[in-house]
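User: I would like to go through this model label by label. For each term, tell me what earns it.

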Amino acid sequence: MWADESVFYQIYPLGFCGAPYENDGVLQHRILKVNNWIDHILDLGANAIYFSPVFESDTHGYNTRDYQKIDCRLGTNEDFKEVCDNLHKNGIKVVLDGVFNHVGRGFFAFEDVLKNRENSPYRYWFQNISFEGNSTYNDGLWYEGWEGNYDLVKLNLKNDEVVNYLFDSIKKWVEEFDIDGLRLDVAYCLDWDFIKRLRSFCKGLKPDFWLMGETLHGDYNQLVNDAMLDSCTNYQCYKGLFSSFNSMNMFEIIHSLLRQFGPEEWTMYKGKHFFNFVDNHDVTRVASILNNEKHLPLIYALMYGMPGIPCVYYGSEWGTKADKSQGDPALRPCFDEPVSNELTKFISKLSKAHKESKALNYGGFLSKVLTNKQCVFERNCDGDRVFVAINADENEYTAHADYQSGCGIDLITGDKVDFGGGLTMPPYSAMFIQV
């Protein structure tokens, strides 16, 4: 599938465009700003973009008011169509956030329930509504909010009317914006039968339509399979990526990858392509997590080199800092224009190497050298072999192993590498050696 060979760029549109947090109802054509960033996205090597919520919402995008209308703070449907058309013309696929578990209190059907109560035709659109209870909003009725958040009203995805409404919305997104896939918000909360129906519906619209789900823990095979999702967020390796550098313990991330993709029969996810990241709109920026700033390019190299689909969160490609403790708005800022520095140039080289290597897109995972501060692992697919080598130490290191070859080309720099006597890695270095 196209996504398996892609590099993603994530934008949180409301923050990226500098929209007010509260929906003020004022139409502003802010989403057109994306047009000015297309050259930067291409320079970074990304060929797919994942937009966090773009549809009309109460505040942060995940409390939807209208699934069929672009948020007025961002612009009009025509504005977003222009953006999508320009992205597609430049060979960039478009994936939207599908927020189907819950809606905002401003959603038309919920407003009707608040007004008409038992007489509302939408009373069964929502999970566990009780007209004998109350909520923190003192509505005189109780309903299920996502994880106790009553501004996020949980939908009843077993109700055919709800499902048909959502599917009709998705069909409009495909017809109007020609979207290429969906990232399902809190996919781990969704009804499994709904996900199966969703897959069938979306693949009927576009055979190569890509479905990726937000998952945090558990067995990913339960959601990523031939009847449900194509991919999911690899949170199981997210923490291991940065803590391996901060604790100088490469065993943590390598053992996680061996458990997921290693050569043994008990490997959990061999052949699957998960969505990899070092940060996103929900977590602290990686530049604020790493103890040693010289590890910043290295963590990106490790993320690009491991099995899966790499994604870069807007602004982090030049080392933006922000901590989750500062609140979500701090993680989702507005930048006047993109920045180009040594990190962005390095990530561009990683993107190029990843997209052009069959081994990095589809290869298995075999650990060759592993110490606290260094790792070398092999990716191999149909004879295309790449060794990913990371030295997180301040000193040079020579990694000895059976490489079955004495020389190769570093896909990052284009330089010839002779490692017949062992692979010598400079301090704080990363190499993708194709042999």
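Analyst: Start with pairing: two strands count as a pair if DSSP finds at least two bridges between them. One caution before using that: this is a predicted model.

User: How do you know that β16 and β21 pair?

Analyst: Count the bridges. Strand β16, residues 384–391, is joined to strand β21, residues 429–434, by 6 bridges. The cut-off is at least two, so they pair. The two strands run antiparallel. One bridge to look at links V388 to F432 in β21.

User: Which sheet holds β16 and β21, and in what order do its strands come?

Analyst: They belong to an open sheet of 6 strands. The order is β14-β15-β16-β21-β18-β19, and the pairing is antiparallel.

User: What makes β14 and β19 edge strands?

Analyst: Each has a single partner strand. One side of β14 (366–370) and one side of β19 (416–418) therefore has no neighbour in the sheet. From one strand to the next, the twist averages 30°.

User: Turn to the sheet with β8. What is the strand order there?

Analyst: That open sheet has 3 strands, ordered β6-β8-β7, with antiparallel pairing. β6 (102–103) and β7 (145–146) are at the edges, because each has a single partner strand. One side of each is left without a neighbour in the sheet.

User: How do you know that β7 and β8 pair?

Analyst: They share 2 bridges, in the antiparallel sense. At least two are needed, so they qualify as a pair. W146 has N149 in β8 as its bridge partner. G145 stands opposite V153, also in β8.

User: And β6 with β8, what makes them a pair?

Analyst: Again, 2 bridges join them, and they run antiparallel. That meets the requirement of at least two, so they pair too. Here V103 has V153 in β8 as its bridge partner.

User: Which residue takes a positive phi in the hairpin of β7 and β8?

Analyst: E147, with phi near 50°. The hairpin has 2 residues between its strands.

User: On to helices. Why are α7 and α8 called roughly antiparallel?

Analyst: Set the angle against the cut-off. Helix α7 (residues 235–246) and helix α8 (residues 251–261) pack at about 155°. Angles over 145 degrees count as roughly antiparallel, and α7 and α8 therefore earn that label. Their axes are 8 Å apart. The crossing of α7 and α8 is left-handed.

User: Why are α10 and α12 called roughly parallel?

Analyst: The same steps, with the other cut-off. Helix α10 (residues 296–305) and helix α12 (residues 342–356) cross at roughly 15°. An angle under 35 degrees counts as roughly parallel, and α10 and α12 are therefore roughly parallel to each other. Their axes come within 10 Å. The crossing of α10 and α12 is right-handed.

User: Now empty space. What makes one space a pocket and another a cavity?

Analyst: The way out decides. In a cavity, a 1.4 Å probe fits but cannot get out, whereas a pocket is an open set of points. The whole structure has 2 cavities of 30 Å³ or more. About 90 Å³ of space lies in the largest cavity. It is lined by 14 residues, with Q10, Y50, R183, T233 and N280 closest to its centre. By class, that lining has 6 nonpolar, 4 polar and 4 charged residues.

User: What lines the second largest cavity?

Analyst: P53, V54, F55, G61, T64, Y67, D97, G98, V99 and W173. Its volume is about 40 Å³. β4 (64–70) and β5 (93–98) each give two or more residues to the lining of this second largest cavity. Its classes are 6 nonpolar, 3 polar and 1 charged. Gly counts as polar under this scheme, so G61 and G98 are in the polar group.

User: And which residues lie nearest the centre of the largest pocket?

Analyst: Y62, W146, D282, D328 and R332, out of 19 lining residues. The pocket holds about 360 Å³ of space. β8 (149–154) and α11 (328–331) each supply at least two lining residues. β8 gives the most, with 3. The lining divides into 8 nonpolar, 4 polar and 7 charged residues. Asp and Arg count as charged, so D282, D328 and R332 belong to the charged group.

Notes. Residues are numbered from 1 along each chain as its sequence is written. This is a predicted model: local features need pLDDT of at least 70, side-chain atom pairs count only at pLDDT 80 or more; totals for chains, interfaces and linings use all residues. Side-chain values use heavy atoms; hydrogens and water are left out. On a 1 Å grid over the protein atoms alone, a cavity is a set of points where a 1.4 Å probe fits but cannot get out, and a pocket is an open set with protein on both sides within 12 Å along at least five of seven lines; lining residues have an atom within 4 Å of a point. Grid points are joined across faces, edges and corners, and a volume is the space filled by probe spheres set on the points. Helices (H or I, at least four residues) and strands (E, at least two) are DSSP runs, numbered from the N terminus. Axes are lines fitted to C-alpha atoms, for helices over the stretch in contact, and angles run from 0 to 180 degrees between N-to-C directions. Angles under 35 degrees count as roughly parallel, over 145 as roughly antiparallel, 65 to 115 as roughly perpendicular and the rest as oblique. A crossing is left-handed if the near helix is turned anticlockwise from the far one by less than a right angle, and right-handed if clockwise.
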